[in-house]
Amino acid sequence: MNKQWIKQLAALLLALCLPCAALAETVTMTFTFTGDVTLGCDWTWWEDETAFPNVAVPMGYDYPFARVQHLFTADDLTIVNLEGVLQDDDTDRRGGRKYNFRGLTSYTGFLTAGNVEVCTLGNNHAMDFGASGLRSTKAALDAAGIGWMRDDTVYFYEKDGVKVAFLGYLQDAFYNRMDHLDEIVRELKEEQGCAAVILNLHIGKEYSPEHVSTQSRSAKAAVADGVDLVIMHHPHVIQGVEVLNNRYVLYSLGNFCFGGDRYITADMLPSLVAVAQLTFEDGVYAGQQVTLHPMHASGVVGNNYQPTPVTGRMPCG
């Protein structure tokens with residue numbers, strides 16, 4: 001056998017073997033985000049035949065999210081903004097509010113049956129029944145094995161050795177942390193070992209089709225301080241998308257299985273489900289891609305509390 005050919009073969013085998021250990025390990029995480037979810041209704045509506053307890057509950061736990069399971073079962077996590085309280089009575093109801101949203105603690109069954117793994121509680125209805133209501137909600141989620149985030153309680157997710165942090169803030173709580181948000185993010189990344197930080201922020205003007213300046217300023221501050229993805233809630237309608245420093249900002253996804261409204265008009269139906277795919281190379285954040293799926297917040301004009309993918313036809317009343 002030709003000695004030169006043997007040398008070339010040996011070099012080839014060495015080239016095939018040695019770089020294998022040096023190849024970058026790619027980890028991909030897929031997170032699904034929805035708009036506002038209220039599993040229940042205003043405390044005065046419980047006897048109303050059009051309210052969530054009397055429409056969705058009799059249909060069973062599988063019912064509300066049945067038409068989006070092709071998305072919810074294909075991801076690593078589904079994250080919703082749980083806008084309301086899970087408590088079995090009206091204890092500690094806050095006065096002076098237009099709406100106080102409440103569902104039963106057993107309603108966590110809708111989340112588990114629907115493959116929803118995480119909730120953000122950083123919103124203006126998490127305290128509708130005061131401190132007792134918030135405690136009850138947290139305890140119900142914990143008992144059901146559902147993760148949650150609010151204020152300084154961070155939700156962590158880890159996959160194949162790569163860790164991601166989720167933050168959830170109401171507007172005022174976020175403002176109170178803006179001066180040291182960079183320190184919060186740096187601590188999560190450098191000391192807690194998180195490769196990315198995702199912010200859920202409850203902010204904006206209700207029913208405005210365009211995001212307002214407070215949302216823009218908050219998004220820019222968050223990204224400048226190291227946040228890698230921003231998901232906003234509160235306006236109840238779809239708003240725009242922006243890319244800042246190669247990071248997505250979703251200003252509002254609209255409503256999604258929203259028991260806070262017994263009748264949704266045709267112009268209020270549009271909703272979005274955002275599927276974010278984050279990529280990491282050797283444990284280091286490498287990029288993201290977001291796919292938006294058009295939805296209707298209800299399968300009918302009115303509210304049947306069953307979000308439905310848009311097919312091109314307007315639901316009938």
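**Entry 1: two rings, then the ground rules**

I began with Phe 72 and found it buried, and Phe 256 is buried as well; buried stands for under 20% relative accessible area, exposed for over 50%, and partly exposed for what lies in between (1.4 Å probe, protein chains only). I note that this is a predicted model, in which local features need pLDDT of at least 70 and side-chain atom pairs count only at pLDDT 80 or more, while totals for chains, interfaces and linings use all residues. Residues are numbered from 1 along each chain as its sequence is written, and side-chain values use heavy atoms, with hydrogens and water left out.

**Entry 2: the chain as a whole**

I looked up the overall figures next: the chain has 317 residues, of which 52% count as buried, and its C-alpha atoms fill a box of roughly 90 × 45 × 40 Å along the principal axes. The secondary structure comes to eight helices and 17 strands (DSSP runs: H or I of at least four residues, E of at least two). Among the contacts (heavy atoms within 4.5 Å) with a separation of 6 or more, 71% join residues that stand 24 or more positions apart.

**Entry 3: aromatic pairs**

I counted rings in pairs and found 16 aromatic pairs in the structure (centres within 6.5 Å; planes under 30 degrees apart are stacked, over 60 edge-to-face, the rest tilted). For Phe 52 and Phe 110, the ring centres lie 5.4 Å apart and the planes stand at 80°, so I entered this pair as edge-to-face. Because Phe 52 belongs to helix α2 (residues 52–55) and Phe 110 to helix α4, the pair ties together parts that are 58 residues apart in sequence. I checked burial here too, and both Phe 52 and Phe 110 are buried.

Returning to Phe 72 and Phe 256, I read 6.2 Å between the ring centres and 45° between the planes, so this pair is tilted. This pair also links distant parts of the chain, since Phe 72 sits in helix α3 and Phe 256 in strand β14, 184 residues apart.

**Entry 4: Tyr 61 and its cluster**

I then found that Phe 52, Tyr 61, Tyr 107, Phe 110 and Tyr 305 form one aromatic cluster, and I followed Tyr 61 further. Tyr 61 is placed in the loop between α2 and α3, and because its relative accessibility is 40%, it counts as partly exposed. Its C-alpha lies 5.8 Å from that of Gly 109, although 48 residues separate the two in sequence. With neighbours within four places in sequence set aside, Tyr 61 is in contact with Ser 106, Gly 109, Phe 110 and Ala 113.

**Entry 5: nonpolar cores**

I looked up the largest nonpolar core (buried Ala, Val, Leu, Ile, Met, Phe, Trp, Tyr and Cys joined through side-chain atoms within 4.5 Å), and of its 34 residues, Leu 39, Phe 65, Leu 111 and Leu 141 touch the most other members. Elements that give two or more residues to this core include α3 (69–72), α4 (108–113) and β15 (270–281). The most comes from α5, with three residues.

For Leu 141, I listed partners beyond four places in sequence, among them Leu 82, Leu 111, Cys 119 and Trp 148. A second, separate core has 27 residues, including Leu 77, Ala 196, Leu 229 and Tyr 285.

**Entry 6: pocket**

On a 1 Å grid over the protein atoms alone, a pocket is an open set of points with protein on both sides within 12 Å along at least five of seven lines, a cavity is a set where a 1.4 Å probe fits but cannot get out, and lining residues have an atom within 4 Å of a point. I noted 15 residues lining the largest pocket, with Lys 98, Tyr 99, Phe 101, Glu 206 and Tyr 207 nearest its centre.

**Entry 7: the largest cavity**

I listed residues that line the largest cavity, including Val 37, Leu 39, Glu 83, Phe 101 and Arg 102. At least two lining residues come from each of β1 (26–38), β4 (85–86) and β5 (101–103), and β5 has the largest share, three residues.

**Entry 8: positive phi values**

I closed with two residues other than glycine that have a positive phi. Asn 245 has phi near 50° and is placed in the loop between β12 (241–244) and β13 (247–250); because its relative accessibility is 56%, Asn 245 counts as exposed. Cys 257 has phi near 50° too, yet it is found in strand β14 and counts as buried because its relative accessibility is 0%.

Conventions. Rings of Phe, Tyr and Trp (its six-membered ring) pair if their centres lie within 6.5 Å; planes under 30 degrees apart count as stacked, over 60 as edge-to-face and the rest as tilted.
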